[in-house]
Amino acid sequence: MKAIIFDFDGTIADSFEVVLTISNRLASEFGYPPTCPKDIKRLKNLSSREILKQSKVPFFRLPFLLRRLRIELNREICTLQPAPGIKEALLELKQQRHRLGIVTSNSRENVMAFLTAQGMEELFDFIGSGLTIFGKGKVIQRIIQQYHLEPATVFYVGDETRDIEAAKKIQIRAIAVSWGFNSREVLAEQNPDFLIHHPQELVEIVTGNCRAGT
């Protein structure tokens, strides 16, 4: 039995367009430029830290921005859909009796509302939430300790460079997914243990039928 911990936005929930709309709505309030359609491809090829640096949002304001994003997203969370193929992969992993969890900078309330709306609430054993952009590693570490998980059996699955960074920091295996925010090129530069392009590949990795780095 293995433990597969997932990021939420962009990895499980197809939330990019909604989050982008909300982010642009808050741009003037928090002092960063709104994202134009022509900027999206460029941003997808930047690391999380590069995007934050370019936004020029003061670091101390980030928790306030995240809190507002959570509140705004709560109003639209039930309109989101799962990333194509992810629900089927999760069901298969659960049937194999693996432990599934979520660690996200979104709120637990938003995650539960989405999972309930999609009939997916019974798939997950735990949900960890932290009001931080680069502190996911600490939340994952807390989950590992709380649920007595063996780090060698734990994977963290995410769609951004900061997800890979968090997994590496606490020395668990990182699975980067190319169907979310960051491009496959910038994800590959971070050297995740696995880089996948369809949720079914998760099942292949967990069962040992997929090579590292593919």
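Six strands make up an open sheet with parallel pairing, and their order across the sheet is 3-2-1-4-5-6. This description rests on a predicted model. At the edges lie strand 3 (126–129) and strand 6 (194–196), each of which pairs on one side only. Leaving direction aside, neighbouring strands of the sheet are turned by 20° against each other on average.

Within the sheet, strand 1 (residues 3–6) and strand 4 (residues 154–158) run parallel and are joined by four bridges. One residue pairing can be named here: Ile-4 has Phe-155 of strand 4 as its bridge partner. Helix 9 (residues 161–169) packs on the sheet, where it touches strand 4 and strand 5 (173–177). The direction of helix 9 makes about 170° with that of strand 5.

The angles between elements are collected below.

| Elements | Angle |
|---|---|
| Helix 1 (residues 16–25) and helix 5 (residues 62–74) | roughly 125° |
| Helix 9 (residues 161–169) and strand 5 (173–177) | about 170° |
| Neighbouring strands of the sheet, direction ignored | 20° on average |

The first row concerns a helix pair. The axes of helix 1 and helix 5 come within 10 Å and cross at roughly 125°, and the two helices are therefore oblique to each other. Their crossing is right-handed. On the helix 1 side, the contact is made by Val-18, Ile-22, Ser-23 and Arg-25; helix 5 contributes Leu-69, Glu-72 and Leu-73. By type, the residues of this contact divide into four nonpolar, one polar and two charged.

Aromatic rings are a further topic. With ring centres within 6.5 Å as the cut-off, the count comes to five aromatic pairs. In the pair of Phe-6 and Phe-124, the ring centres are 6.4 Å apart and the planes stand at 85°, so the pair is edge-to-face. This pair links distant parts of the chain, with the two positions 118 residues apart in numbering. Phe-6 belongs to strand 1, whereas Phe-124 sits in the loop between helix 7 (108–117) and strand 3.

Strand 1 thus appears in two of these descriptions: four bridges join strand 1 to strand 4, and Phe-6 of strand 1 is part of the aromatic pair with Phe-124.

Terms used:
Residues numbered from 1 in each chain as written. Predicted model: local features only at pLDDT ≥ 70, side-chain atom pairs only at ≥ 80, totals over all residues. Heavy atoms only, no water. Axes fitted to C-alpha atoms, helices over the stretch in contact; angles between N-to-C directions. Parallel < 35°, antiparallel > 145°, perpendicular 65-115°, else oblique. Left-handed = near helix turned anticlockwise from the far one by under 90°. Contact = heavy atoms within 4.5 Å. Nonpolar A, V, L, I, M, F, W, Y, C, P; charged D, E, K, R; others polar. Pairing = 2+ DSSP bridges. Phe/Tyr/Trp six-rings, centres within 6.5 Å; stacked < 30°, edge-to-face > 60°.
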